[in-house]
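Here is a short report on one protein model. Please keep the sequence and the 3D view open while you read.

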Amino acid sequence: MPRAAASKSAKPKPAKATPAGAEVAEAAKDPDFELRSLQVAHTKQPRYKASKDELTGFYEQMLLIRRFEEKAGQLYGLGLIGGFCHLYIGQEAVAVGLQSALDPERDSVITGYRDHGHMLAYGLDPKVIMAELTGRQAGISKGKGGSMHMFSNEKRFYGGHGIVGAQVPLGAGLAFAHKYRGDDGVCVAYFGDGAANQGQVYETFNMASLWKLPIIFVVEDNQYAMGTASKRSSAETHFHRRGTAFRIPGMDVNGMDVLEVRQAAEVALKYVRAGGGPVLMELNTYRYRGHSMSDPAKYRTRAEVDDVREHNDPIERAKKELLELGESEESLKALDKRIRATVGEAADFAEGSPEPELAELYTDVLVEPRA
Ligand SMILES: Cc1ncc(C[n+]2csc(CCOP(=O)(O)OP(=O)(O)O)c2C)c(N)n1
Ligand SMILES: [Mg+2]
């Protein structure tokens with residue numbers, strides 16, 4: 001079994017939770033307790049207690065992302081999507097669990113180029129996302145951003161960034177704006193295990209912690225940065241520990257379990273909203289497909305991928321629980337059928353939409369006026 005996803009179980013387990021009274025005493029004598037306190041809280045109550053309806057909602061969103069991405073892969077193969085295209089298959093529980101805990105009226109989100117799933121989890125219309133992928137005028141960035149550069153001011157979704165790690169300092173800027181305006185919002189800045197090795201990430205950690213900015217840094221450790229396994233490129237693969245030098249508390253979360261992600265998000269949000277400053281969450285997950293559509297993924301075995309699919313798939317896990325809660329196989333099949341139809345309509349809409357007018361080349365471009 002690869003050191004994948006749940007398999008961060010290969011890592012030493014966090015310290016066992018102590019009883020509440022002992023915690024208070026420990027906090028009093030150990031000034032570093034705060035750095036562990038969120039992990040302690042997370043270990044005590046690791047999973048969200050979802051009703052059947054809530055879990056069905058999470059399942060539906062994750063399945064929508066998966067079916068959408070599968071369709072995007074097909075359209076790419078047909079030459080209908082150009083440029084880069086990074087699929088989110090396998091990582092669905094991360095975006096769905098986290099976004100479900102956010103307040104869409106005030107919180108903001110920023111991520112890298114693997115962004116379609118995040119947009120869907122945020123409730124954006126699959127049609128405008130597919131239209132963007134296929135470079136159509138009706139796309140969310142008018143067909144000019146493509147897969148990597150999607151944006152929605154309305155939903156406070158600030159990209160979609162192709163430069164690895166660029167979204168981290170920008171996220172701190174968004175968090176600064178929340179604090180400056182006093183709007184009580186929190187920014188969630190997602191980045192990868194590869195991006196986590198960039199210098200700008202640590203400059204950002206320092207400022208965000210110093211100014212107690214309302215931000216949750218989320219490392220989506222999908223085990224690879226392009227063709228390089230995180231254990232081959234990272235001296236410290238327990239990414240949640242990397243904020244310690246900046247006094248940012250960390251949380252180690254199973255990103256293949258939507259209920260664990262949701263619960264951890266609540267703990268983090270509570271801390272940040274109370275003015276505690278940044279939190280660093282490590283979400284252990286796995287990407288099933290290559291880095292992008294042009295990656296044959298020869299750096300890992302088929303057996304490795306199959307193993308995660310078989311034993312640790314986030315959608316299958318939710319499905320199993322739904323069945324245990326009394327949901328019927330038939331209604332889940334009907335749900336899948338509806339989702340496939342929605343995705344099919346999105347693809348038809350995209351294919352039937354016109355490309356941008358030539359004049360669009362000159363809009364949304366920042367050009368200094370001549371002196
Ligand atoms: C500054 C910069 N350096 C290098 C690249 C090329 N590049 C694109 S994705 C990537 C790997 C990033 O991996 P990770 O952060 O783990 O994210 P994942 O693709 O796994 O989601 C690299 C090196 C880039 N886009 N930007
Ligand atoms: Mg990665």
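Helices (H or I, at least four residues) and strands (E, at least two) are DSSP runs, numbered from the N terminus. By that numbering, Gly160 sits in the loop between α6 (126-133) and α7 (167-181). The model is predicted.

**Backbone features**

The Gly159 to Gly160 peptide bond is cis. Its omega is near 20 degrees. Positive phi values turn up at Asp184, at Ala297 and at Gly326. Neither Asp184 nor Ala297 is a glycine. The table lists the three residues with their places.

| Residue | Phi | Place |
|---|---|---|
| Asp184 | about 65 degrees | loop between α7 and β2 (187-192) |
| Ala297 | near 55 degrees | loop between β7 (279-284) and α11 (302-312) |
| Gly326 | about 105 degrees | just after α12 |

How buried or exposed is Asp184? Asp184 has 13 C-beta neighbours inside 10 Å, so it counts as partly exposed. Ala297 is partly exposed too, because 16 other C-beta atoms lie within 10 Å. The cut-off for buried is 20 or more, and for exposed 12 or fewer.

**The sheet**

Five strands make an open sheet. Their order is β1-β2-β3-β7-β6, and the pairing is parallel. Which strands stand at the edges? They are β1 (108-110) and β6 (250-254). Each has a single partner strand, so one side of each lacks a neighbour in the sheet. From one strand to the next, the twist averages 20 degrees.

Now look at β3 (residues 215-221) and its pairing with β7. The two strands run parallel and share six bridges. Here Ile216 stands opposite Val279 of β7.

**Helix α12**

Helix α12 covers residues 314-324. Its buried residues are Pro314, Ile315, Arg317, Ala318, Lys319 and Leu322. Arg317 and Lys319, both on that list, count as charged. What covers the buried residues of α12? The cover includes α3 (52-77), α4 (92-101), α10 (258-273) and α13 (329-352). Gly326, with its positive phi, follows just after this helix.

**Around ligand 1**

How many residues surround ligand 1? There are 13. Those that come nearest are Val164, Gly192, Gly194, Ala195 and Ala225. By type, the shell divides into six nonpolar, five polar and two charged residues. Glycine is counted among the polar ones.

Methods. Residues are numbered from 1 along each chain as its sequence is written. Chains are lettered from A and ligands numbered from 1 in the order in which they are written. This is a predicted model: local features need pLDDT of at least 70, side-chain atom pairs count only at pLDDT 80 or more; totals for chains, interfaces and linings use all residues. A residue is near a molecule or strand if its C-beta atom, placed from the backbone, lies within 6 Å of it. Two strands pair if DSSP finds at least two bridges between them. Axes are lines fitted to C-alpha atoms, for helices over the stretch in contact, and angles run from 0 to 180 degrees between N-to-C directions. Two residues are in contact if their C-beta atoms, placed from the backbone, lie within 7 Å.
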